[in-house]
Amino acid sequence: MDHVRQALEAGFFRETDTAILLYDLDRLEANVARLVRAFPERSLHAFAVKACPLPPILSFLAGLGLGAEAASLPEIHLALTAGFPPARIVFDSPAKTGEELRLALELGIYINADNLAELGRIAALAAATGVTPRAGLRVNPQAGVGGIKATSVAGRYSKFGVPLEQRALILDAFARYPWLGGLHVHVGSQGCPLDLLVAGVGAVFDLRRTIDRELGLGRITTFDLGGGLPAGYRDSDVPPTPAAYVAALTQRCPGLFTGDLALVTEFGRMVAAPCAVAASRVEYVKRQKGHRTAVIHLGADLFVRECYNPKSWPHRSLLLDPTGREKTGRAGIWHLAGPLCFSGDFPIRQARLPDIEPGDIVLVRDVGAYTLSMWSRYNSRQMPRILGVRQGRFAVLREREEPQDVVRFWLGREESV
Ligand SMILES: *Cc1c(COP(=O)(O)O)cnc(C)c1O
């Protein structure tokens, strides 16, 4: 909140900016430190690029010693551009092409194969190129579904990974491919309670013991336990800390943190979500009997999940006056309507806010992950200016798009029409 006022005063949030996003890099660094402290030193924390693909944020995280989890060819290139060494990049995706796998192999990127057919492709490429893969296999622990179905991937059926019930096929794969040294599990994202995360990781960790018993001790050298620690969005949310997660995992699978198993994590949301706010100027205020609506400049373009699935994705909001100071006074119920041409375009429904006037600024909290990365081109609006603040100093992380940028996007080339 104070940061938004400072950004206004310092001229970084300009008159012409209808909205901004503002990343607090000190908070980001503190979140990373909390994660790193909780796990053994040898762990590789691969930040999920899909949570926030902004190159300056990725570079910042690379500088803090994190790795990157990439799930597409461009995400690999984003990670490389941001300065992550290939050895600290983990490649996950259920649809890896031959071209993508070849690049990953040649660069020495760690690959989590999603399925057995993909393992066959990796084997063929390894034979053709003479490169020994660094690879693991994703196993669906079939541990259950969390509170948000669309972000749960460890039910009995999932499109991801080899189901744990196909144990014999998994053992065959490890017997056939001597280079296959890792196990990978990811239970879900937001909405997965701690005991579900622990049950999923535990089930795959038990499989590791079976593999070691059947194929020789030390056969599994890398264990990737995925991401999924939630962020808090409501005042009542108390997300588990990384330390609490490690404590619960230690109880369920003591061998995970002793010995020399290389550990990988793939957190995105818990690292980045709390570290940014969105701020939009209020363009219009509309009143009719029983309804108060403030029309703002961020809608389903930034808040895709929030608009389509509002029950699962609540955000807290605050109201600032045009100078960035918090407005107080008797709160009423307000619809915060986005600028897009469809009726579901409400980033927040029924916000409790003081009286809103045009020119005020609505601030939305916890937008550091899975917002900008899901940016929608519907209505072709300009992506807002993205700011970062570190130790009181502001920087532009990404400039506001100009109309020409959007035209170029749809043209798919530089020339004009
Ligand atoms: C999305 C995803 C993550 C990150 O999940 P968070 O909830 O952001 O921690 C990690 N690993 C895989 C395979 C994913 O799909």
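User: What makes the space taken by the ligand a pocket, the largest pocket in fact?

Analyst: On a 1 Å grid over the protein atoms alone, a pocket is an open set of points with protein on both sides within 12 Å along at least five of seven lines. The ligand's space is the largest pocket. Keep in mind that this is a predicted model, where local features need pLDDT of at least 70, side-chain atom pairs count only at pLDDT 80 or more, and totals for chains, interfaces and linings use all residues. Residues are numbered from 1 along each chain as its sequence is written, and side-chain values use heavy atoms, with hydrogens and water left out.

User: What makes the S189 pair with the ligand a polar contact?

Analyst: A polar contact is a pair of N or O atoms within 3.5 Å. A polar side-chain atom of S189 sits 2.4 Å from a ligand oxygen, so the pair qualifies. E266 brings a side-chain N or O atom 2.7 Å from a ligand nitrogen, and a polar backbone atom of G268 is 3.0 Å from a ligand oxygen. The protein covers 93% of the 390 Å² of accessible area that the ligand has on its own (Shrake-Rupley method, 1.4 Å probe).

User: Why is G63 called exposed?

Analyst: Exposed means over 50% relative accessible area, with a 1.4 Å probe and protein chains only. G63 has 66%, so the label fits. G63 belongs to helix α3, residues 55-63 (a DSSP run of H or I, at least four residues).

Terms used. Polar contact = N/O pair within 3.5 Å; in protein donor to acceptor, adjacent residues only side chain to side chain. 1 Å grid on protein atoms, 1.4 Å probe; cavity = no way out; pocket = protein on both sides within 12 Å on 5 of 7 lines; lining within 4 Å. Sits in = over half its atoms within 2 Å of the grid points. Helix = DSSP H or I, 4+ residues; strand = E, 2+ residues; numbered from the N terminus. Buried < 20%, exposed > 50% of the residue type's maximum accessible area, 1.4 Å probe, protein only.
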